[in-house]
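Here are a few friendly notes to read alongside the model. Please keep the structure open as you go through the points.

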Amino acid sequence: MSLVVGLTGGIGSGKSTVSKFFKKLGVSVVDADIVARQVVSKEQPALKLIGDYFGADVLIDGELNRAKLREIIFSDEQKKSWLNNLLHPIIRQQMLTQLAEAKGDYVILEAPLLFENKLECYCDYIVVVDIDEQVQVNRASRRDNNSTEQIKAIISSQIDRQQRLQKASFIIDNSTISLQELEISVIALDKQLRALQ
């Protein structure tokens, strides 16, 4: 199995852009968010269980009505817990399968909530994309069309920046650099990671 390199960072840090640069270099990326969507896609067993538990309201034409489900689970802790208990093991198993099948010197596990969901135990190294909090708030609110209060609430629900940095094997500081400089940082890090094999 290839080395597993966790890739994480707070909202608006530029993690997805870093991930794209790794892909451009031919590195396999397992994206936790994509896996989470795959396991509840049409015809998946988990989707049927969700429909049975929450009722037909959470389905539209055999697809998950994410907005409706989000509305339900954010107002009912017990239902949220049921959903997490169902999905987390399925998502984890699917991620592990994809990681095991990945080819190359190393594979990236991209997960915004890498530490919060205790996924670092599957990683040999961890790359944190770091950004100044004020820049983070500005970028994320512009990108997502959300208020700064909403973005600050999301930031406070994630692991604290200092804790994230302490757990990092490598840090990409994305506070003030251009896209071109960010890509150069990723190319340099790729060389370092390949040398670790």
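1. Start with K24, which is exposed in this predicted model, its relative accessible area being 60%. Its side chain meets that of E183 in a salt bridge, at 2.8 Å from N to O. E183 belongs to helix α9 (residues 179-195) and K24 to helix α1, so this pair ties together parts that are 159 residues apart in sequence. E183 itself is partly exposed, at 21% relative accessible area.

2. Helix α1 spans residues 15-24 and also holds S19. In contrast to an exposed position, S19 counts as buried, with 1% relative accessibility. Leaving aside residues up to four places away in sequence, S19 touches L7, V29 and E110.

3. Back in helix α9, have a look at D190 and R194, whose side chains form a salt bridge of 3.0 Å, N to O. The two are four residues apart, so about one helical turn separates them. D190 is buried at 7% relative accessible area, while R194 is partly exposed at 31%. Through salt bridges that share partners, D105, D190 and R194 are joined into one network.

4. Helix α3 (residues 45-54) has a pair with this spacing too: K48 and D52 are four residues apart, about one helical turn. Their side chains meet in a salt bridge at 2.9 Å, N to O, and both residues are exposed. The count of salt bridges comes to seven.

5. Finally, where does negative charge gather on the surface? The patch is made up of D132, E133, D160 and D173. D173 sits in strand β7 (residues 170-173) and is partly exposed, with a relative accessible area of 45%.

Technical notes: Residues numbered from 1 in each chain as written. Predicted model: local features only at pLDDT ≥ 70, side-chain atom pairs only at ≥ 80, totals over all residues. Heavy atoms only, no water. Patch = residues over 30% accessible without salt bridge, like charges linked within 9 Å, V, L, I, M, F, W, Y side chains within 5 Å. Areas by Shrake-Rupley, 256 points an atom, 1.4 Å probe, with all protein chains shown as cover. Salt bridge = Lys/Arg side-chain N within 4 Å of Asp/Glu carboxyl O. Lys, Arg positive; Asp, Glu negative; His and termini not counted. Charge placed at Lys NZ, Arg CZ, Asp CG, Glu CD. Buried < 20%, exposed > 50% of the residue type's maximum accessible area, 1.4 Å probe, protein only. Contact = heavy atoms within 4.5 Å.
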